[in-house]
Amino acid sequence: MKIAIIGIGSVGAAVATAVAGTGLAREMVLMDRDGMRSRAAAEDLGHAAAFSYDIKITAANNYRAIRGSDIVVIAAGANQRPGETRTDLLHKNVAVISDIIPRVMANVDSKKVKIIMVTNPLDVMVMLAQKLSKLPAARVIGTGTMLDSARLRTILARQISVSTRSVNAYVLGEHGDSSVIAWNAACIGGVALDEFCRQTKNTLAATTRQTIEYRVRNAAYEIIRGRGATWDGIGAAVADLVRCIANDERRILTVSMTDGTGRNAVAMSMPRVVGEMGVMASLRPKLSVAEAAALRRSAATIRKNYDAI
């Protein structure tokens, strides 16, 4: 499998490291308009490959190098700075993605390529990339709330003292401030969350849930304040998504994909079955009345931001 990563800043470099660590790529192209940076990243990662998998890693600053890519990961664009929201990046990154996508499509096989979007604001960028690429929506996939959901599972697992792997809980909607935690659909080891808490005598009061929601939504801001950017988590999320596609695993991931038609079209995260051809099915978990209303508001926020461009 050949994988191209466009944009080798802190996020793109972390994505490259994580994807290389899966051992699934026979060839990786690291592309950045700064040729020195892409060459340095390719050289450094190439040295690291001596300790793991034998991968051909090349640097590029033109799009011809991505020809033959099965997956193109787009991590280019302005990064979120301390005090900024993801939406603050909207107009900066619209210009970046509008320049990149046509160049990508001129150099890949439109019948097989999958595009993975990482650039924020993620859901709007997914919609823009799908429109410009003219690819089926199922093959233009944003990492969406994969990382948000991982944060939720981690924080919740610590709260109720179980392994993160036993927690099945999702963040839906926008990868942003209007995201929605689907508490009504959460379960632990196949047992509904509320019933699990009753059986194990765990207390998960409304105030505790509100604290968890705050921590999940603000995790990125806290990390950015502390280290300037987030990269390890999103790198791992992209690698997991690549693994799911490459192995046709058909796992359920909360990825973002444009759904609907016309004015009703919106990209947001829902539980989706992901395999070799991209998104294979979208699921609708049972939500409470309040959660369903919050999800509609989240969709409206994304659509409003898209319409603004």
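Two strands count as paired if DSSP finds at least two bridges between them. Helices (H or I, at least four residues) and strands (E, at least two) are DSSP runs, numbered from the N terminus. The model is predicted: local features need pLDDT of at least 70, side-chain atom pairs count only at pLDDT 80 or more, and totals for chains, interfaces and linings use all residues. Residues are numbered from 1 along each chain as its sequence is written, and side-chain values use heavy atoms, with hydrogens and water left out.

**Exercise 1. Work out the order of the three-strand open sheet and find its edges.**

Step 1. Start with a residue pair: V167 has I188 as its bridge partner in strand 10.
Step 2. Widen the view to the strands, where two bridges join strand 7 to strand 10 (residues 187–188), and the two run antiparallel.
Step 3. Place the third strand: the open sheet has the order 7-10-11, with antiparallel pairing. Its edges are strand 7 (167–168) and strand 11 (191–192), each of which pairs on one side only.

**Exercise 2. Decide why C187 and C197 form no disulfide, and say whether each is buried or exposed.**

Step 1. Recall the chemistry: a disulfide is a covalent bond between the sulfur atoms of two cysteines. The criterion here is a pair of cysteine sulfur atoms within 2.5 Å.
Step 2. Apply the criterion: the count of disulfides is zero. C187 is in none, and its nearest cysteine sulfur, that of C197, is 12 Å away.
Step 3. Look from the other end: the closest cysteine sulfur to that of C197 is in C187, and because the gap is 12 Å, it is too far for a bond.
Step 4. Check accessibility, where buried means under 20% relative accessible area, exposed over 50%, and partly exposed in between (1.4 Å probe, protein chains only). C187 counts as buried at 16%, and C197 is buried at 7%.

**Exercise 3. Compare the linings of the largest pocket and the second largest pocket.**

Step 1. Set the rules. On a 1 Å grid over the protein atoms alone, a cavity is a set of points where a 1.4 Å probe fits but cannot get out, while a pocket is an open set with protein on both sides within 12 Å along at least five of seven lines; lining residues have an atom within 4 Å of a point. Grid points are joined across faces, edges and corners, and a volume is the space filled by probe spheres set on the points.
Step 2. Take the largest pocket, with about 500 Å³ of space. Of its 22 lining residues, D32, R33, A76, G77 and V96 are the closest to its centre. Helix 1 (10–20) and helix 3 (90–105) are the elements that give two or more residues, and helix 3 gives the most, with four.
Step 3. Turn to the second largest pocket, of about 370 Å³. It is lined by 18 residues, and M146, A150, R153, D240 and L253 lie nearest its centre. Helix 5 provides the largest share of this lining, six residues.
Step 4. Sort by class: Ala, Val, Leu, Ile, Met, Phe, Trp, Tyr, Cys and Pro are nonpolar, Asp, Glu, Lys and Arg charged, and the others, Gly among them, polar. The largest pocket's lining has 10 nonpolar, seven polar and five charged residues; the second largest pocket's has 10 nonpolar, four polar and four charged.
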